[in-house]
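Me: I'd like a close look at one part of this protein: the places where the ligands sit, and what the protein puts around them. Could you walk me through that in one go?

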Amino acid sequence: AVLADNKLDVTLWTRNAAQAEEINTKHTNGRFLKGTELHPGIRATTSMEEALQDADSVVLAATSSAMREVVSQMKPYLKPGTLLIHATKGFETGTLKRMTEVIAEELPQTDPDRIVVLSGPSHAEEVVVRCPTTVVVAAKCLEAAEAAQDLFMNATFRVYTNPDVLGVEVSGALKNIIALGAGMSDGLGFGDNAKAALLTRGLAEISRLGVAMGANPFTFAGLAGIGDLVVTCTSQHSRNWNAGNRLGRGETLDEVLQSTGMVVEGVKTTKAAYELSRQYHVSMPITNVLYKVLFEGKEPRTAVEELMGRLRTHEIEETPTVSWNGEEPTP
Ligand SMILES: NC(=O)C1=CN([C@@H]2O[C@H](COP(=O)(O)OP(=O)(O)OC[C@H]3O[C@@H](n4cnc5c(N)ncnc54)[C@H](OP(=O)(O)O)[C@@H]3O)[C@@H](O)[C@H]2O)C=CC1
Ligand SMILES: O=C(CO)COP(=O)(O)O
């Protein structure tokens with residue numbers, strides 16, 4: 001929608017023929033964007049060849065579990081030098097790879113430094129009706145990030161660049177875990193204090209893992225970090241918050257996933273982050289208890305007791321600049 005507003009020639013690829021027909025004839029997408037009229041310039045097709053014909057840029061918005069399969073279908077039709085921008089928030093199950101790594105692996109002829117990630121607080125329901133939205137595009141190559149920035153920037157969609165691809169991808173994926181927790185807390189009837197605690201201590205563990213993996217700590221204070229964390233933990237549109245809320249109210253994970261009809265990335269990401277926290281020897285208490293709720297049958301209320309009952313600890317963990325009793329800070 002943003003690209004069509006920017007007068008670009010946009011072709012959407014979908015595997016669903018009825019959906020393509022609806023977009024082309026009625027300019028609506030009733031299943032995903034109920035009650036919204038799409039830009040009439042957007043064309044849809046089920047043919048990957050047609051979608052990629054003459055495409056200078058490709059935006060990949062598959063779910064994390066479909067990314068590898070979709071990219072491999074694109075491979076025969078991509079022009080050399082095409083700008084690739086992905087907007088997917090998750091890791092690949094099993095390999096724990098980030099989406100830029102999966103794309104680079106499937107397209108070895110593409111310069112990996114030119115693969116861009118677009119992330120930040122951007123619920124589709126609001127973007128499509130032109131509510132003011134800000135996002136970040138990250139790529140190792142500045143020229144690629146700026147090319148993506150130029151494609152998307154307009155009066156209601158503001159785009160910042162960032163060279164920290166890993167940090168942007170990790171924060172975009174991990175915030176969904178905390179949104180599940182925030183929804184669960186609301187579903188249990190806990191108040192605003194609990195939600196603020198989850199956001200704050202959630203950001204602490206997201207940053208801890210991200211920095212251990214090589215991210216810039218400042219990225220977590222940006223749009224892909226705190227920005228997306230706030231929107232996903234508080235928005236009526238969030239699938240992760242809604243899934244957590246229903247779990248908090250007593251539904252089972254199977255019931256929630258079967259009836260949502262859309263991806264709840266935080267579920268698989270909880271498993272991935274649980275494994276990464278072990279791999280990088282990083283403490284992630286919220287992720288750890290959510291893993292037990294989602295995959296080991298722990299009651300959400302007992303999970304909260306476990307979180308609250310942990311040993312006492314300091315708030316600030318790394319390289320303090322303010323120390324106890326006026327002493328020199330110890331790194
Ligand atoms: N929705 C949002 O506001 C935002 C979403 N994102 C991220 O974008 C990604 C996609 O999310 P979203 O579009 O909302 O998810 P949805 O669940 O709403 O839609 C997923 C789409 O992917 C299709 N799909 C799934 N598997 C395959 C496959 N193997 N081959 C082809 N198509 C497939 C589904 O098709 P079918 O209907 O046929 O199953 C469906 O159309 C996620 O990582 C999400 O975190 C990022 C920012 C905002
Ligand atoms: O990432 C998103 C908004 O920025 C979408 O979040 P949900 O997948 O929880 O709906």
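Reply: Sure, let's start with ligand 2, keeping in mind that this is a predicted model. Its shell counts 14 residues, and Ser-122, His-123, Ser-238, Arg-239 and Asn-240 come nearest. Three elements each give two or more residues to that shell: helix H8 (165-187), helix H10 (223-234) and helix H11 (239-248). H10 has the largest share, with 3 residues. By class, the shell around ligand 2 splits into 7 polar, 4 charged and 3 nonpolar residues.

Where does that put ligand 2 relative to the domains? Both domain 1 (2-165) and domain 2 (166-308) give residues to its shell, so ligand 2 lies between them.

Now ligand 1. This one is surrounded by 20 residues, with Ala-66, Lys-89, Ala-124, Met-262 and Val-263 as the closest. The class split here is 9 nonpolar, 7 polar and 4 charged. Ligand 1 also lies between domain 1 and domain 2, because both of them give residues to the shell around it.

With both ligands placed between the domains, the domain boundary itself is worth a look. The centres of domain 1 and domain 2, taken over C-alpha atoms, are 25 Å apart. Across the boundary, 25 residues of domain 1 are in contact with 26 residues of domain 2. On the domain 1 side, helix H5 (99-106) and the strands E5, E6 and E7 each give two or more residues. E6 provides the largest share of that side, 4 residues. As for chemistry, the domain 1 side holds 10 nonpolar, 11 polar and 4 charged residues.

Those strands belong to an open sheet of 5 strands, ordered E3-E4-E5-E6-E7 with mixed pairing. Its edges are strand E3 (57-60) and strand E7 (157-162), each of which pairs on one side only. On average, neighbouring strands are turned by 25° against each other, ignoring direction. Inside the sheet, strand E5 (residues 115-119) and strand E6 (residues 133-138) pair in the antiparallel sense over 3 bridges. Val-117, for instance, has Ala-138 in E6 as its bridge partner.

And here's the link back to ligand 2: H10, the helix with the largest share of its shell, packs on this sheet, touching E5, E6 and E7. The direction of H10 makes about 145° with that of E6. Helix H7 (residues 142-152) lies across E3, strand E4 (83-86), E5, E6 and E7, and runs at about 175° to E7.

Technical notes: Residues numbered from 1 in each chain as written. Chains lettered and ligands numbered in written order. Predicted model: local features only at pLDDT ≥ 70, side-chain atom pairs only at ≥ 80, totals over all residues. Near = placed C-beta within 6 Å. Nonpolar A, V, L, I, M, F, W, Y, C, P; charged D, E, K, R; others polar. Domains from an automatic or database assignment. Pairing = 2+ DSSP bridges. Axes fitted to C-alpha atoms, helices over the stretch in contact; angles between N-to-C directions. Contact = placed C-beta atoms within 7 Å.
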